[in-house]
Amino acid sequence: QVQLVESGGGSVQVGESLRLSCSASGRSFSSNTMAWFRQVLGKEHEFVAAITWSGSTTYLADSVKGRFTISRDNTKNTVDLQMNSLKPEDTAVYYCAADAARYYIGNYKFRGEYEYWGQGTQVTVSS
């Protein structure tokens, strides 16, 4: 059974940092694009960041450029999201996602591109 499990969420103050981690089990995703999305209650999933299978290319939403970094460790089957200079508008449930297709980067901003999803971890930023 394939599982993606997020961890590292919590409550922080404006300007602080958090590091989210997504641990995959049940199969290797070393050949797959992985991503982070976030969702505020009542709104659609919002693309945050994506990383290709080798980690050589990353994509970030404009709203997080310069503050967030995505990385992966294929030996551990994990993908991380380092979030710095957090703002109240970053408050959301953060989800890890993985594309089932190997060596493929499609419409990485599109939620439907990803077949595997974690359960999410809450991030709350207070002013």
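## Charge over a ring

A charge is taken to sit over a ring if NZ of Lys or CZ of Arg is within 6 Å of the ring centre and within 35 degrees of the ring normal. R111 meets this description, lying over the face of W117 at 5.5 Å from the ring centre.

## Basis of the report

The model is predicted: local features need pLDDT of at least 70, side-chain atom pairs count only at pLDDT 80 or more, and totals for chains, interfaces and linings use all residues. Residues are numbered from 1 along each chain as its sequence is written, and side-chain values use heavy atoms, with hydrogens and water left out.

Helices (H or I, at least four residues) and strands (E, at least two) are DSSP runs, numbered from the N terminus. For solvent exposure, buried means under 20% relative accessible area, exposed over 50%, and partly exposed in between, using a 1.4 Å probe and protein chains only.

## Aromatic pairs

Rings of Phe, Tyr and Trp (for Trp, the six-membered ring) pair if their centres lie within 6.5 Å; planes under 30 degrees apart count as stacked, over 60 as edge-to-face and the rest as tilted. Across the whole structure, eight aromatic pairs are found. In one of them, the ring centres of F37 and F47 are 5.8 Å apart and the planes stand at 75°, so the pair is edge-to-face. F37 belongs to strand β4 and F47 to strand β5 (residues 46-51), so this contact ties together parts that are ten residues apart in sequence.

Both rings belong to buried residues: F37 has 0% relative accessibility, and F47 has a relative accessible area of 7%. Ring pairs also link F37, F47, Y59, Y108, Y114 and W117 into a cluster. W117 is thus a member of this cluster and also the residue whose ring face lies under R111.

## Salt bridges

A salt bridge is a side-chain nitrogen of Lys or Arg within 4 Å of a carboxyl oxygen of Asp or Glu. By this rule the structure has five salt bridges. Side chains of opposite charge can pair when their charged atoms come close. R38 pairs with D90, with 2.9 Å between the closest N and O atoms. Because R38 lies in strand β4 (residues 32-39) and D90 in the loop between β8 (78-83) and β9 (92-102), the bridge ties together parts that are 52 residues apart in sequence. Both R38 and D90 are buried.

D90 also forms a salt bridge with R67, the closest N and O atoms being 2.7 Å apart. This second pair links distant parts of the chain, with D90 in the loop between β8 and β9 and R67 in the loop between β6 (58-60) and β7 (68-73), 23 residues apart. R67 is buried, as is D90. Through shared partners, salt bridges join R38, E46, R67 and D90 into one network. Another salt bridge connects D62 and K65, whose closest N and O atoms are 3.2 Å apart. D62 is exposed, with a relative accessible area of 65%.

## Disulfide

A disulfide is a pair of cysteine sulfur atoms within 2.5 Å, and the structure holds one. The link joins C22 to C96, with an S to S distance of 2.1 Å. Its angle about the S-S bond is -75°, and the link is left-handed. The two cysteines come from distant parts of the chain: C22 is in strand β3 (residues 18-25) and C96 in strand β9, 74 residues apart. C22 and C96 are both buried.

## Open sheet

Two strands pair if DSSP finds at least two bridges between them. Four strands form an open sheet in the order β1-β3-β8-β7, with antiparallel pairing. The edge strands, β1 (3-7) and β7, each pair on one side only. The twist averages 15° from one strand to the next, where axes are lines fitted to C-alpha atoms, for helices over the stretch in contact, and angles run from 0 to 180 degrees between N-to-C directions.

Within this sheet, β3 and β8 pair in the antiparallel sense over six bridges. The disulfide residue C22 has V79 as its bridge partner in β8.

## Positive phi values

Most residues other than glycine have a negative phi, and most peptide bonds are trans. S85 has a positive phi, near 50°. S85 is found in the loop between β8 and β9 and is partly exposed, with a relative accessible area of 39%. Y103 likewise has a positive phi near 50°, and lies in the loop between β9 and β10 (116-117).
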